Amino acid sequence: MTSSSNPIEHSFELAAARCDDLTPIVYRRLFREHPEAQAMFRTDGSEPVKGAMLALTIEAILDFVGERSGRFRLIECEVSSHDAYGTSRELFLAFFAVIADSLREILGEQWSAEIDAAWHKALADIEAVVLQQTHLVDKRA
Ligand code: HEM
């Protein structure tokens, strides 16, 4: 596997080398830290949705911190569609932090200061995008 120069991309590569599937790890942490999130998913048939949601969120993060080809716009779009699922802005944002914390857990000592700094910046930048989106929606209402 080629090693990425982008610290966030690199953190996903290192995690992929250590674990086959992030999905159970991420959702276990999400539901432990935010139990209210569990009830938002249907009881039956939500496993593929959870996997797809995580995969698309990771694609959006990588685009957001990388070439910004457009896939990062999923973040803005999903803010409003998640209103319908009862997901607050705070909880929506928490998903990104849960992904970062899951990677930190998997990487252990491989979680470098550079990776940590890049994730802190990305989480702050994503928060700004999401809060900006809230503002636009509120203005229209
Ligand atoms: C903890 C925060 C979140 C919760 C509780 C949540 C919850 C949900 C739920 C309940 C669904 C629908 C499942 C179904 O159809 O049965 C869903 C779908 C989806 N979520 Fe999330 N979500 C969260 C964060 C995010 C984030 C941050 C993103 C990406 C930026 C995202 C992207 C998606 C996508 C792409 C789908 C597929 C369908 C759609 O377009 O709405 N979700 N989510």
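The mean pLDDT of the protein chain is 92, and 93% of its residues reach 70 or more. The model is predicted, and its confidence varies by element: helix α1 (residues 7-18) has the highest mean pLDDT, 98, whereas helix α6 (residues 113-140) has the lowest, 85.

## Overall architecture

The protein chain contains six helices and zero strands. Its pattern, read along the sequence, is accordingly written α-α-α-α-α-α. Along the principal axes, the C-alpha trace of the protein chain spans about 45 × 35 × 25 Å. The radius of gyration of the protein chain is 15 Å; this agrees with the expectation for a compact globule of 141 residues, which would have a value near 14 Å.

Of the 141 residues of the protein chain, 18% count as buried. Contacts that link distant parts of the sequence can be described by their separation: among contacts between residues at least 6 apart in sequence, 70% join residues at least 24 apart.

## The shell around the ligand

The ligand has 23 residues around it, of which Ala37, Met53, Thr57, Tyr85 and Phe95 come nearest. By residue class, the shell divides into 16 nonpolar, five polar and two charged residues.

Which helices each supply at least two residues of this shell? They are α3 (47-65), α4 (73-83) and α5 (89-107). The largest share, six residues, comes from α3.

## Helix α5 and its end

Helix α5 has 19 residues, and at 1.5 Å a residue it should span 27 Å. The C-alpha atoms at its ends are 28 Å apart, so the modelled length agrees with the expected one.

Several residues of α5 are buried, namely Phe92, Phe95, Phe96, Val98, Ile99, Ala100, Ser102 and Leu103. One of these, Phe95, is also among the residues that come nearest to the ligand. Ala97 is found in α5 as well, but it counts as partly exposed because it has 16 C-beta neighbours inside 10 Å. In space, Ala97 and Phe72 are 16 Å apart, C-alpha to C-alpha, with their positions 25 residues apart in sequence.

Just after α5, Gly108 takes a positive phi of about 60°.

## Residues of helix α3

Leu54 and Ala52 both belong to helix α3. Is Leu54 buried or exposed? Leu54 is buried, because 21 other C-beta atoms lie within 10 Å. Apart from neighbours within four places in sequence, Leu54 is in contact with Leu22, Thr23 and Val26. The C-alpha atom of Leu54 is 23 Å from that of Ser112, a residue 58 places away along the chain.

Ala52, by contrast, is exposed, since 11 other C-beta atoms lie within 10 Å. The C-alpha atoms of Ala52 and Thr23 are separated by 9.4 Å, although the two residues are 29 apart along the chain.

## The loop after α3 and helix α6

Arg68 is found in the loop between α3 and α4. Its phi is positive, at about 50°, although Arg68 is not a glycine. Most residues other than glycine have a negative phi. Arg68 counts as exposed because it has 10 C-beta neighbours inside 10 Å.

Asp125 is found in helix α6, the element with the lowest mean pLDDT in the protein chain. Asp125 has 12 C-beta neighbours inside 10 Å and therefore counts as exposed; the threshold for this class is 12 or fewer. Between the C-alpha atoms of Asp125 and Phe64 the distance is 9.2 Å, with a sequence separation of 61 residues.

## Selected C-alpha separations

The table collects the residue pairs discussed above.

| Residue pair | Separation in sequence | C-alpha to C-alpha distance |
|---|---|---|
| Leu54 and Ser112 | 58 residues | 23 Å |
| Asp125 and Phe64 | 61 residues | 9.2 Å |
| Ala52 and Thr23 | 29 residues | 9.4 Å |
| Ala97 and Phe72 | 25 residues | 16 Å |

Terms used: Residues are numbered from 1 along each chain as its sequence is written. This is a predicted model: local features need pLDDT of at least 70, side-chain atom pairs count only at pLDDT 80 or more; totals for chains, interfaces and linings use all residues. A residue is near a molecule or strand if its C-beta atom, placed from the backbone, lies within 6 Å of it. Helices (H or I, at least four residues) and strands (E, at least two) are DSSP runs, numbered from the N terminus. Ala, Val, Leu, Ile, Met, Phe, Trp, Tyr, Cys and Pro count as nonpolar, Asp, Glu, Lys and Arg as charged, and the others, Gly among them, as polar. The expected span of a helix is 1.5 Å times one less than its number of residues. A residue is buried if 20 or more other C-beta atoms lie within 10 Å of its own, exposed if 12 or fewer, and partly exposed in between; C-beta atoms are placed from the backbone. pLDDT is the predictor's confidence in each residue, from 0 to 100. Two residues are in contact if their C-beta atoms, placed from the backbone, lie within 7 Å. The radius of gyration is taken over C-alpha atoms; the globule rule is 2.2 Å times the number of residues to the power 0.38.
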